[in-house]
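Trainee: I have a protein in front of me and would like to go through it step by step. Where do we begin?

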Amino acid sequence: QVQLVESGGALVQPGGSLRLSCAASGFTLSTYVMRWYRQAPGKERELVATISSTGDSTNYVDSVLGRFTISRGNAKNTVYLQMNSLKPGDTAVYYCCAQRNFFSFWGQGTQVTVSS
C-alpha cells in the first residue's frame, strides 16, 4: 500500500538537534516533490522545507533557513529533515508530504517538542 511514515520526533532542549525521517512504501519518492510541513495547536499548517524530485533544488521558510536541511536518501526511499539549533518556536507536529501532479501523500506526523 502507499504509505509515508515519519519518525525521529522527540523532546529536545533549545539549541539541540534532531533528524526527522520520512520513509515511503508502495511508491518511489525520487519521482516526487517532497515537502515538510509543521503544525502547532491552534495554528495553521506551515510549509517548512521543499526539495525537488531531482534533489538539486531546496527551499525553506525564512524562520528555519540556515538551521534546517532537507535531503533525499534515494537508496532507502527516504527523505530527511535535519534540524539544528532548535528553538521553542519549532515545537509542532511535523508532516511529510509527497507530491506529483495532483497526487499528494501524507504521513501521520511526528511530534517535535523544544523545551528546557
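**Fold, core and one residue**

Mentor: Of the 116 residues of the protein, 41% count as buried. Keep in mind that this is a predicted model.

Trainee: How many helices and how many strands does the protein have?

Mentor: From the N terminus on, each element in the run is a β element. The count is therefore 0 helices and 11 strands.

Trainee: Is the protein as compact as a globular protein of its length, or less compact?

Mentor: The globule rule gives 13 Å for 116 residues. The radius of gyration of the protein is close to that value, so the protein is as compact as a globular protein of that length, at 13 Å.

Trainee: Which residues have the most contacts inside the largest nonpolar core?

Mentor: Nonpolar side chains tend to be buried together in soluble globular proteins. Here the largest nonpolar core has 29 residues. Strands S3, S4, S5, S7, S8, S9 and S11 each supply at least two of them. Those with the most contacts inside the core are Met 34, Trp 36, Leu 81, Met 83 and Tyr 94.

Trainee: Is Ser 7 buried, partly exposed or exposed?

Mentor: Ser 7 lies in strand S1, residues 3–7. Buried means under 20% relative accessible area and exposed means over 50%. Ser 7 has 37% relative accessibility, so it counts as partly exposed.

Trainee: How far apart in space are Ser 7 and Gly 109?

Mentor: In sequence, Ser 7 and Gly 109 are 102 residues apart. Ser 7 also touches Thr 110, among other residues. From C-alpha to C-alpha, the distance between Ser 7 and Gly 109 is 7.8 Å.

Notes
Residues are numbered from 1 along each chain as its sequence is written. This is a predicted model: local features need pLDDT of at least 70, side-chain atom pairs count only at pLDDT 80 or more; totals for chains, interfaces and linings use all residues. Side-chain values use heavy atoms; hydrogens and water are left out. A nonpolar core is a set of buried Ala, Val, Leu, Ile, Met, Phe, Trp, Tyr and Cys residues joined through side-chain atoms within 4.5 Å. Buried means under 20% relative accessible area, exposed over 50%, partly exposed in between (1.4 Å probe, protein chains only). Helices (H or I, at least four residues) and strands (E, at least two) are DSSP runs, numbered from the N terminus. Contact means heavy atoms within 4.5 Å. The radius of gyration is taken over C-alpha atoms; the globule rule is 2.2 Å times the number of residues to the power 0.38. Lists of a residue's contacts leave out its neighbours within four places in sequence.
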